[in-house]
Amino acid sequence: MLRGNDLISVRDLEKADIEQLLKRAEDMDRTLGAGRTLDILKEKIVATLFFEPSTRTKMSFQTAAKRLGAQILNFTSMESSSMKKGETLADTLRMVDGYADLLIMRHAAEGAARYAAEVCKHPLINAGDGGNQHPTQTLLDLFTIRKMKGKIQGLSVYLVGDLKYARTMRSLLYGLGMFGAEITLVAPAGLEMDPKMVEEVKEKFGTSVTQKTALNLSGADVAYVCRVQKERFADPYEAEKVQKSFRITMDALKGVKDDLAILHPLPKIDEMDPQIDATKYARYFEQAKLGVPMRMAIIAEIMGE
Ligand code: NCD
């Protein structure tokens, strides 16, 4: 049960919780598709605090809250807040907790969301904490895959890109494992997934995880790509070097399954040839749009409406 609880990591969720969210997101998607919105959160205020850059996550959360009838309280920037004067994160959060009914936070530090949830009385949703977790992205990814493919169980899903620093990948590996996908990991040298995470899904869910160095997408039903997370490298020069060498070209699409879906949490930078956008495989803008019904479902479930 999500009601009244924080959402910090995918590990906070049982499979039944995710099933419930997927079902609720379908209802929300139908509502939006029919041009309708809801007013179940008319009396509520949802605060968004993004201490790291964001386009989709912040805007889709705000859209979701508005389409449920809630009001948005937005923390615009550190520069324009009292944090600039030296106010601590904890004090800032205590204030916002006094104003809003639900907090949605992104922060560059791993563990910041768990810490924030301890400081706040109201439920808090982690919209990304450093390279650690991004649970709501995983929920919308699972929703997207199930909507596009009709199932998750038994699908061959390739996770391609910076698997070391991308929080989207860490969360998704767990979510896909829980739902029985077969996973192939393809990362540039040095950016492989933490072996502990791989062990965890193998042990917990009996997931088949294959690691490859060369990119051959011929067996994939879904290829989930992410950018090199430059901001998380100790040495920006290293990041630029990998950024230059890691790129999915049109050639990589030769011999792929006819219904391959390429997904991406976005933003995409240099890791994909922009020509791929025009192919039938590119499904990431649809994916981004599905963030709204899934985030409506998440907010509604947590607020107990
Ligand atoms: C991702 C993130 O912030 O982790 N973006 C998103 O939320 N859609 C991916 C990224 O920044 O690469």
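Tutor: Start with classes: Asp, Glu, Lys and Arg count as charged, and Ala, Val, Leu, Ile, Met, Phe, Trp, Tyr, Cys and Pro as nonpolar, with the others polar. Keep in mind that this is a predicted model.

Student: What makes the lining of the second largest cavity three nonpolar, one polar and three charged residues?

Tutor: Its lining is Arg227, Val228, Gln243, Phe246, Ile269, Asp270 and Glu271. Val228, Phe246 and Ile269 are nonpolar, and Arg227, Asp270 and Glu271 are charged. Gln243 is on neither list, so it counts as polar.

Student: Why is this called a cavity, and what is its volume?

Tutor: A 1.4 Å probe fits there but cannot get out, so the term is cavity. The volume is about 30 Å³. With a threshold of 30 Å³ or more, the count is two cavities.

Student: What makes up the lining of the largest cavity?

Tutor: Arg56, Thr57, Ser60, Gln137, Leu140, His264, Pro265, Gln287, Ala288 and Arg295. The volume of this largest cavity is about 60 Å³. Helix 2 gives the largest share of the lining, three residues. Leu140, Pro265 and Ala288 are its nonpolar members, and Arg56 and Arg295 are charged. That fits the split of three nonpolar, five polar and two charged.

Student: How do you know that the largest pocket lies between domain 1 and domain 2?

Tutor: Domain 1 (10–133 + 291–303) and domain 2 (135–288) both give residues to its lining, so the pocket lies between them. It holds about 380 Å³ of space. Its lining has 19 residues, and the closest to the centre are Pro53, Arg106, Arg227, Leu266 and Pro267.

Student: Which residues line the second largest pocket?

Tutor: Asp29, Leu32, Gly33, Thr63, Arg67, Glu286, Lys289, Leu290, Val292 and Pro293. Helix 1 (15–33), helix 2, helix 9 (284–289) and helix 10 (291–302) each give two or more residues. Helix 1 gives the most, three. The space is about 180 Å³.

Student: Why is the pair between Arg106 and the ligand called a polar contact?

Tutor: The cut-off is 3.5 Å between N or O atoms. A side-chain N or O atom of Arg106 is 3.0 Å from a ligand oxygen, so the pair qualifies. Arg167 qualifies too, because its polar side-chain atom is 2.8 Å from a ligand oxygen. Pro265 uses a backbone N or O atom, 2.8 Å from a ligand nitrogen.

Student: How much of the ligand's accessible area does the protein cover?

Tutor: The protein covers 94% of the 320 Å² that the ligand has on its own. Residues surrounding the ligand include His134, Gln137, Arg227 and Gln229.

Definitions and conventions
Residues numbered from 1 in each chain as written. Predicted model: local features only at pLDDT ≥ 70, side-chain atom pairs only at ≥ 80, totals over all residues. Heavy atoms only, no water. 1 Å grid on protein atoms, 1.4 Å probe; cavity = no way out; pocket = protein on both sides within 12 Å on 5 of 7 lines; lining within 4 Å. Points joined across faces, edges and corners; volume = space filled by probe spheres on them. Domains from an automatic or database assignment. Helix = DSSP H or I, 4+ residues; strand = E, 2+ residues; numbered from the N terminus. Near = heavy atom within 4 Å. Polar contact = N/O pair within 3.5 Å; in protein donor to acceptor, adjacent residues only side chain to side chain. Areas by Shrake-Rupley, 256 points an atom, 1.4 Å probe, with all protein chains shown as cover.
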